[in-house]
Amino acid sequence: MFLHYLIKLLIYRNDNIRYAKFYAANAGKGRKERNPTFQIFDKEEKKFVEMSIKPTDYCLLKKYFTKYNVMIVDLYDYF
């Protein structure tokens, strides 16, 4: 639940968010992690936030960013 409040705060308080990126990190030996990694970039292309999240949070965060018209770069395969 903390993650959702953090994202809402970032969107409302900071107009410098350029886009959000979701991807699966490499787990070694050609495998990828099941949990997505989430990044927020500012307008200067600097990484603002990076964290590993649960697949359920992935779905909710995509909805939040779509609702607030933040561009999403989605490189994570959900299934």
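**Legends for close-up views of a predicted model**

**Figure 1. Gln-39 in strand E2.** Gln-39 is found in strand E2 of this predicted model. The relative accessibility of Gln-39 is 5%, so the residue counts as buried, the limit being under 20%. Its side chain takes part in polar contacts on two sides: one with the side chain of Tyr-23, at 3.4 Å, and one with the side chain of Glu-50, at 3.1 Å. Tyr-23 and Glu-50 also belong to the set of residues in contact with Gln-39 once neighbours within four places in sequence are left aside; the others in that set are Tyr-19, Ala-20, Lys-21, Lys-47 and Val-49. The C-alpha atoms of Gln-39 and Phe-22 are 6.5 Å apart in space, with the two positions 17 residues apart in sequence numbering.

**Figure 2. Lys-21 and the ring of Tyr-23.** Lys-21 places its charged end over the ring of Tyr-23, at 5.5 Å from the ring centre. Both residues are in contact with Gln-39, and the side chain of Tyr-23 is the one that makes the 3.4 Å polar contact with the Gln-39 side chain.

**Figure 3. Aromatic pairs between separate elements.** The protein has five aromatic pairs under the rule that ring centres lie within 6.5 Å. In the pair formed by Tyr-19 and Phe-41, the ring centres are 4.8 Å apart and the planes meet at 20 degrees; the pair is therefore stacked, as planes under 30 degrees apart count as such. Tyr-19 belongs to strand E1 (residues 17–28) and Phe-41 to strand E2, so that the pair links parts of the chain 22 residues apart. Tyr-19 and Phe-41 are both buried. The pair of Phe-22 and Tyr-58 has ring centres 5.2 Å apart and planes at 85 degrees, and is edge-to-face because the angle is over 60 degrees. This second pair joins strand E1, which holds Phe-22, to helix H2, which holds Tyr-58, across 36 residues of sequence. Phe-22 and Tyr-58 are buried as well.

**Figure 4. The ring cluster around Phe-38.** Phe-22, Phe-38, Tyr-58, Phe-65 and Tyr-76 form a cluster linked by ring pairs. Phe-38 is found in strand E2. With a relative accessibility of 0%, Phe-38 counts as buried. Tyr-76 lies 38 residues from Phe-38 along the chain, and their C-alpha atoms are separated by 9.6 Å. Two members of the cluster, Tyr-58 and Phe-65, are among the buried residues of helix H2.

**Figure 5. Helix H2 and its two sides.** Helix H2 covers residues 55–67, 13 residues in length; at 1.5 Å a residue it should span 18 Å, and the 19 Å between its end C-alpha atoms agrees with this. Its buried residues are Asp-57, Tyr-58, Leu-61 and Phe-65. Viewed down the helix axis, the buried residues of H2 fall within an arc of 105 degrees, so they line one face. Thr-56, Lys-63, Thr-66 and Lys-67 are exposed residues on the face turned away from the buried side. Just after H2 comes Asn-69, with a positive phi of about 55 degrees.

**Figure 6. Glu-45 in the loop between E2 and E3.** Most residues other than glycine have a negative phi. Glu-45 is not a glycine, yet has a positive phi of about 65 degrees. Glu-45 lies in the loop that connects strand E2 (31–42) with strand E3 (47–52). Its relative accessibility is 39%; Glu-45 therefore counts as partly exposed, between the limits of 20% and 50%.

**Figure 7. The whole chain, for orientation.** The protein contains two helices and four strands, and their order along the sequence is α-β-β-β-α-β. Of its 79 residues, 35% count as buried. Among contacts between residues at least 6 apart in sequence, 49% join residues at least 24 apart. The Phe-22 and Tyr-58 pair of Figure 3 spans 36 residues.

Key: Residues are numbered from 1 along each chain as its sequence is written. This is a predicted model: local features need pLDDT of at least 70, side-chain atom pairs count only at pLDDT 80 or more; totals for chains, interfaces and linings use all residues. Side-chain values use heavy atoms; hydrogens and water are left out. The expected span of a helix is 1.5 Å times one less than its number of residues. Buried means under 20% relative accessible area, exposed over 50%, partly exposed in between (1.4 Å probe, protein chains only). The arc is that of the directions from the helix axis to the C-beta atoms. Rings of Phe, Tyr and Trp (its six-membered ring) pair if their centres lie within 6.5 Å; planes under 30 degrees apart count as stacked, over 60 as edge-to-face and the rest as tilted. A charge sits over a ring if NZ of Lys or CZ of Arg is within 6 Å of the ring centre and within 35 degrees of the ring normal. Contact means heavy atoms within 4.5 Å. A polar contact is a pair of N or O atoms within 3.5 Å; within protein, one must be able to donate a hydrogen and the other to accept it, and residues adjacent in sequence count only if both atoms are side-chain atoms.
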